[in-house]
Amino acid sequence: MKVTFWGTRGSIAAAGPQTARYGGNTSCVELRTAGGGLIVLDAGTGIVSLANGLDPDTARIDLLLTHLHMDHIQGLGFFGPLYNPDAEVHIWAPPSRSRDLSERLSRYLAPPLFPVRLRDLPCQPTLHDVPIGRFELDGLTVQADLVSHPYTTLGYRIEEGERSLTYLPDHEPALTSAALDGEPAWISGLALATGADLLIHDAQYSDAEYEVRVGWGHSSVNHALNFARMAGVEKLVLFHYDPVRTDDDLDALFEVELARESVEFPVQPAREGDVLDV
Amino acid sequence: MTADRSPTGRQMPIELILLRQAASYLSIPVWLADEDGDLVFYNEPAEASLGRRYEEEGALAASELAETFQTRAEDGSNVLAEDLPINIALNQRRPDHKTLRVRGMDGDWRVLEVTAFPIEGQAGRHLGAVVFFWEVDR
């Protein structure tokens with residue numbers, strides 16, 4: 001699998017020269033399978049740049065949304081393939097017993113918030129409720145489970161052969177086990193991440209910031225490190241940065257947090273444009 | 001496309017995890033049962049009647065649970081196991097409430113208001129039951 005980061009920011013886009021190195025676009029990660037298939041993880045503002053480089057003849061696009069907070073869907077209305085009547089786009093999102101996905105997405109993709117209605121998009125995307133558990137998708141095995149974040153939110157583990165990637169961009173496991181040293185079965189998202197070759201994980205806060213944002217659904221850098229350690233991952237990518245942080249702020253945060261204790265696996269703060277092989 | 005639940009390791013559903021967090025802050029006894037009826041969590045106020053500490057001994061299998069309690073109706077008559085609120089929530093997937101006389105592992109008889117709700121997650125997942133107890137002074 002080849003992984004490309006198109007949006008690394010959390011909460012709201014933070015464009016400008018002070019965020020140019022890590023990037024200001026909100027969550028969007030491209031996943032290319034060995035067979036050339038395209039999976040897109042979340043539709044934050046980064047998806048616009050992804051679309052700009054897409055082959056217009058791309059046969060099929062599967063867009064896996066973790067949840068429907070604005071920073072994870074805001075790019076949808078500007079995702080070029082949705083305006084191509086020949087494109088085959090499948091949008092996958094957390095299930096709901098009370099409102100179908102069309103209704104939920106139409107809260108954004110309809111006037112007055114957006115000029116084009118979901119039902120009027122030329123592509124007519126196919127909408128799916130993600131099954132909780134494992135399912136096959138384009139030669140990949142996808143494992144989806146609900147995780148700790150306000151509003152129904154999914155985490156994904158995606159496996160291709162023996163290789164695995166876990167995507168937990170908005171995740172507060174500390175809420176379910178304060179010190180992250182409790183019983184593994186009771187720690188949100190841990191089964192998804194166990195033994196993953198690559199874990200992409202929420203790292204929105206410092207520990208001090210987290211103390212006054214408990215329950216907001218995000219992790220500190222330290223929480224991400226501890227979670228990755230418990231999961232025994234091969235590599236951790238820090239993700240979903242607080243929008244108020246400049247590049248220099250992020251450098252300073254990582255310098256402090258990553259030096260605090262020995263880390264026995266590689267840790268890489270995600271930057272827009274980064275490409276990783278899994 | 002097929003979907004099944006076969007996680008990499010044992011993982012409690014987030015609904016149970018968050019209910020456990022809430023229960024751990026309450027001063028009334030609360031049980032959490034999984035879909036098989038095993039008591040996967042009970043909070044500190046529930047420990048005396050169960051005769052065990054969760055932090056030391058952990059979960060309680062459904063088969064053990066049945067041996068732990070003697071239960072009577074409020075008037076002292078017998079109550080079938082299938083009519084207990086927890087079993088109605090688990091097996092019939094509906095809430096139930098009863099006033100019961102219960103003797104736990106500490107040997108004391110108590111009159112309890114017992115309310116059980118099935119835990120129904122998204123995508124039609126039946127995840128277990130939550131049971132609340134309220135001791136009645138009478």
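This report walks through a predicted model of a two-chain complex, looking at confidence, one stretch of sheet, one helix and the contact between the chains.

**How far to trust it**

For the complex, the predictor gives an ipTM of 0.79 and a pTM of 0.90. Chain B has a mean pLDDT of 88, with 93% of its residues at 70 or more. The weak spot to know about is residues 1–8 of chain B, where the pLDDT is below 50; this stretch still has 20 contacts in the model beyond near neighbours in sequence. Where pLDDT is low, the predicted coordinates should not be read in detail. Among the elements of chain B, helix H3 (residues 54–57) has the lowest mean pLDDT, 85, while helix H5 (residues 85–92) has the highest, 97.

**A strand with two partners in chain A**

Take strand E10 (residues 163–168) of chain A: five of its six residues are buried, so you'll find it mostly covered. Its two pairings look like this:

| Partner of E10(A) | Sense | Bridges | A facing pair |
|---|---|---|---|
| E9(A), residues 154–160 | antiparallel | five | Ile158(A) and Leu165(A) |
| E11(A), residues 198–202 | parallel | four | Ile200(A) and Tyr167(A) |

E9(A) and E10(A) make a hairpin, with two residues between the strands. One turn residue, Gly161(A), has a positive phi of about 60 degrees.

**Helix H5 of chain B**

Back to H5(B), the helix with the highest mean pLDDT among the elements of chain B. Which of its residues are buried? They are Pro85(B), Ile86(B), Ala89(B) and Leu90(B). Looking down the helix axis, the buried residues fall within an arc of 130 degrees, so they line one face of H5(B). That buried set packs against four strands of chain B: E1 (30–34), E4 (96–103), E5 (109–120) and E6 (126–136). Over on the other side of H5(B), Asn91(B) and Gln92(B) are exposed. Just past the end of the helix comes Arg93(B), with a positive phi of about 55 degrees.

**Where the chains meet**

Now for the interface: 27 residues of chain A are in contact with 20 residues of chain B. On the chain A side, the elements giving two or more residues are strand E7 (133–137), strand E8 (140–146) and helix H4 (190–193). Of these, E7(A) gives the most, with four residues. Sorted by class, the chain A side has 13 nonpolar, nine polar and five charged residues.

How values were computed
Residues are numbered from 1 along each chain as its sequence is written. Chains are lettered from A and ligands numbered from 1 in the order in which they are written. This is a predicted model: local features need pLDDT of at least 70, side-chain atom pairs count only at pLDDT 80 or more; totals for chains, interfaces and linings use all residues. pLDDT is the predictor's confidence in each residue, from 0 to 100. Two residues are in contact if their C-beta atoms, placed from the backbone, lie within 7 Å. A residue is buried if 20 or more other C-beta atoms lie within 10 Å of its own, exposed if 12 or fewer, and partly exposed in between; C-beta atoms are placed from the backbone. Two strands pair if DSSP finds at least two bridges between them. Ala, Val, Leu, Ile, Met, Phe, Trp, Tyr, Cys and Pro count as nonpolar, Asp, Glu, Lys and Arg as charged, and the others, Gly among them, as polar. The arc is that of the directions from the helix axis to the C-beta atoms.
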